Amino acid sequence: MLNTKPADNQFPIHELIKNRYSALTIDPNHPVEKEKFNSMIEAARWAPSSYNEQPWSYVVGFKGDENHQKLADCLVEGNSWAKQSPILMLSIAKKNFTFNKTPNRHDLHDVGAANAIMHLQATDLGLAMHQMAGFDVEKSIKTFNIGEEYEPASMIAVGYLLEDKSTLPENIKKREEAKRERKDFEKMFWPV
Ligand SMILES: Cc1cc2nc3c(=O)[nH]c(=O)nc-3n(C[C@H](O)[C@H](O)[C@H](O)COP(=O)(O)O)c2cc1C
C-alpha cells in the first residue's frame, strides 16, 4: 500500500482512507501492470450509484498510444506535471437515466464516487493517482466525440511514485511536500 503522505486524522479511519492522496510526482518510466489497471477499473465498477445507473465510463490512454497523447493535449498548463504519467484517463458521466431518459441529477456525483473508490484501490495497489478538473473540456468533447447525452467529469493520472525527485520543478516538489490540509471536523456539520 502507498503510505507516502498519510492524513493527520483526528479520529481513527481505515488505512486506505488515511493513505490515499493526490500525488504530483508520478514516474513516467515505470509502467503500470495491466492486472493492476484492471483492478482499478473493477473497483470503480462496484461503486454505488443512483438507481444503479452506473453513469461512468472512461477514455483510457497508456503512455505511447494515441489516446494518451490526445488526453495529455487536453490538460491545462498547470497540470503539465501529469502529461507523462503512464496512464491518463478521462472520466465521463451519462447525463440521463437509461430507463426513462430523464435527467440524472447525480450523474457527476456518482462518477465522483466511482473515481474515489478507484483511487482507494490504486492506493492499496501501491499506485499513485490524481484527479484533475484542469483540462480543456470543449477540446475533450471534440477529440473523443462525446455526444450531448454525456459530459466529461475529471481527468485522472495514474502511475508509480517517482523515487528520484531531484529533477522535479521546485513548485511541484513544494506542493508534493506540503502538509495535507482539511477544514475542521466541526465544520462537517450543517449549518456551516
Ligand atoms: C474533481 C477533482 C478535480 C481536481 N482537479 C485538480 C487539478 O486540476 N489539478 C490538481 O493539481 N489537483 C486537482 N485535484 C486534487 C485536489 O487538489 C486534491 O484532491 C485536494 O487538494 C486534497 O488533497 P488530497 O487528495 O491529497 O487529500 C482535483 C481533485 C478532484 C477530486
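A residue is called buried here when its relative accessible area is under 20%, and by that criterion buried residues make up 41% of the 192 residues in the chain of this predicted model.

**The whole chain.** Begin with the full chain in a cartoon view, coloured by secondary structure, where six helices and four strands can be picked out. Followed from the N terminus, these elements come in the order α-α-β-α-β-α-β-α-β-α. The radius of gyration is 17 Å, close to the 16 Å that the globule rule gives for 192 residues, so the chain is as compact as a globular protein of that length. If you align the view to the principal axes, the C-alpha trace spans about 50 × 45 × 30 Å along them.

**Contacts, surface and charge.** With side chains displayed, consider the contacts in the chain that have a separation of 6 or more: residues 24 or more positions apart account for 75% of them. Switching to a surface, you are looking at about 11200 Å² exposed by the chain, of which carbon and sulfur atoms supply 53%. Colouring by charge brings up 24 positive and 27 negative charges, whose mean positions lie 3 Å apart.

**Strand β2.** Next select residues 87-94, which form strand β2. Eight of its eight residues are buried, so β2 is largely enclosed by the rest of the structure. In a regular strand the side chains alternate between the two faces of the sheet. In β2, the side chains of I87, M89, S91 and A93 point one way, while those of L88, L90, I92 and K94 point the other way, and the buried state holds for all of them, K94 included.

**Strand β1, one partner of β2.** Add residues 56-62, strand β1, to the selection; five of its seven residues are buried, so this strand too is largely enclosed by the rest of the structure. β1 pairs with β2 in the antiparallel sense, over seven bridges. To find one of these, centre on S57, whose bridge partner in β2 is I92.

**Strand β4, another partner of β2.** Keep β2 in view and select residues 150-159, strand β4, which runs antiparallel to β2 and is joined to it by seven bridges. Which residue of β4 stands opposite I92? Centring on I92 once more, you will find P152 there. I92 is therefore a convenient place to end the tour, being buried by the cut-off of under 20%, bridged to S57 of β1 and set opposite P152 of β4.

Methods
Residues are numbered from 1 along each chain as its sequence is written. This is a predicted model: local features need pLDDT of at least 70, side-chain atom pairs count only at pLDDT 80 or more; totals for chains, interfaces and linings use all residues. Side-chain values use heavy atoms; hydrogens and water are left out. Buried means under 20% relative accessible area, exposed over 50%, partly exposed in between (1.4 Å probe, protein chains only). Helices (H or I, at least four residues) and strands (E, at least two) are DSSP runs, numbered from the N terminus. Two strands pair if DSSP finds at least two bridges between them. The radius of gyration is taken over C-alpha atoms; the globule rule is 2.2 Å times the number of residues to the power 0.38. Contact means heavy atoms within 4.5 Å. Accessible areas come from the Shrake-Rupley method with a 1.4 Å probe; for residues, only the protein chains shown count as cover. Lys and Arg count as positive and Asp and Glu as negative; His and the chain ends are not counted. The place of a charge is taken as NZ of Lys, CZ of Arg, CG of Asp or CD of Glu.
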